Amino acid sequence: MPDDLSKAHRIEQIASTIAACRSCQLCESRKNPVPGDGDCNAKLVIVGEGPGAWEDEQGKPFVGRSGKLLDQIIEKHGELKRSEIFITNVVKCRPPGNRTPLPDEIKMCKDHLVAQLNTIRPRAILCMGSTAAQTLSGQTASLTRLRGRNLSGLNPAIIATFHPSYGLRMGESVVKLMESDFVLACSIALGA
Ligand code: SF4
């Protein structure tokens, strides 16, 4: 079987596993699991914190206001189309009231994320928000300290940036930093 077909099949299998998952309490209140979507051969994977209300309704990542800001950043810089990126979250079910996922929830859900990353094997991972940045880098510093550089030094590169919801709250100065981090992640992903 060609590699890209087997990768697509594996990503579908992981989504099915997530749909059936009841490993943490977040399954009790979710409307839909949100495994993530995009290109199973993506050179860049974007990882957020967890699904919000719109994502929970639709079962898709980054489709609400935060998703619109992410789309704007992707379209403005044009290195990659959204369809060429795989987009997911640290936890695949919505935390009630959009609270931060609890450490146990992150721990239980991390296997799904690792399985996705091991299947896609991107060159770069852009972590949006401190939950994603700290989970994937293993570092506990604030996002202000973590952002703007490669945190892994290995393949894949791990780049941290602010979550779009923070960009929406804080305005243009934060969005410009997010754009700069996105360009860095794309340049590493594309080998520029
Ligand atoms: S958040 Fe993750 S670990 Fe918890 S039920 Fe959903 S898929 Fe399973």
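**Ligand shell, sheet and helix packing**

Me: How do the residues of the shell around the ligand divide into nonpolar, polar and charged?
Reply: The shell around the ligand has 10 nonpolar, 2 polar and 3 charged residues (nonpolar: Ala, Val, Leu, Ile, Met, Phe, Trp, Tyr, Cys and Pro; charged: Asp, Glu, Lys and Arg; polar: the others, Gly among them). This is a predicted model: local features need pLDDT of at least 70, side-chain atom pairs need 80 or more, and totals for chains, interfaces and linings use all residues. Numbering starts from 1 along each chain as its sequence is written.

Me: Which residues are closest to the ligand?
Reply: Of the 15 residues that surround the ligand (C-beta, placed from the backbone, within 6 Å), the closest are C21, C24, C27, C93 and C109.

Me: Which helix gives the largest share of that shell?
Reply: Helix 5 does, with 4 residues. Helix 5 (103-120) and helix 2 (26-29) each supply at least two residues of the shell (helices are DSSP runs of H or I, at least four residues; strands are E, at least two).

Me: Changing topic, what is the strand order in the open sheet?
Reply: The 5 strands of the open sheet have the order 1-3-2-4-5, with mixed pairing (at least two DSSP bridges per pair). Strand 1 (37-38) and strand 5 (157-161) each have a single partner strand, so one side of each is left without a neighbour in the sheet.

Me: How many bridges join strand 2 to strand 4?
Reply: Strand 2 (residues 44-48) and strand 4 (residues 124-128) run parallel and are joined by 4 bridges. V47 stands opposite C127 in strand 4.

Me: Which strands does helix 9 lie across?
Reply: Helix 9 lies across strand 2, strand 4 and strand 5, and runs at about 170° to strand 5 (angles run from 0 to 180 degrees between N-to-C directions of axes fitted to C-alpha atoms).

Me: At what angle do helix 4 and helix 9 pack?
Reply: Helix 4 (residues 65-77) and helix 9 (residues 172-189) pack at about 60°, with their axes 10 Å apart. I73, K76 and H77 of helix 4 make the contact with M178, E179, F182, V183 and C186 of helix 9 (C-beta atoms, placed from the backbone, within 7 Å). The residues of this contact are 5 nonpolar, 1 polar and 2 charged.

Methods
Contact = placed C-beta atoms within 7 Å.
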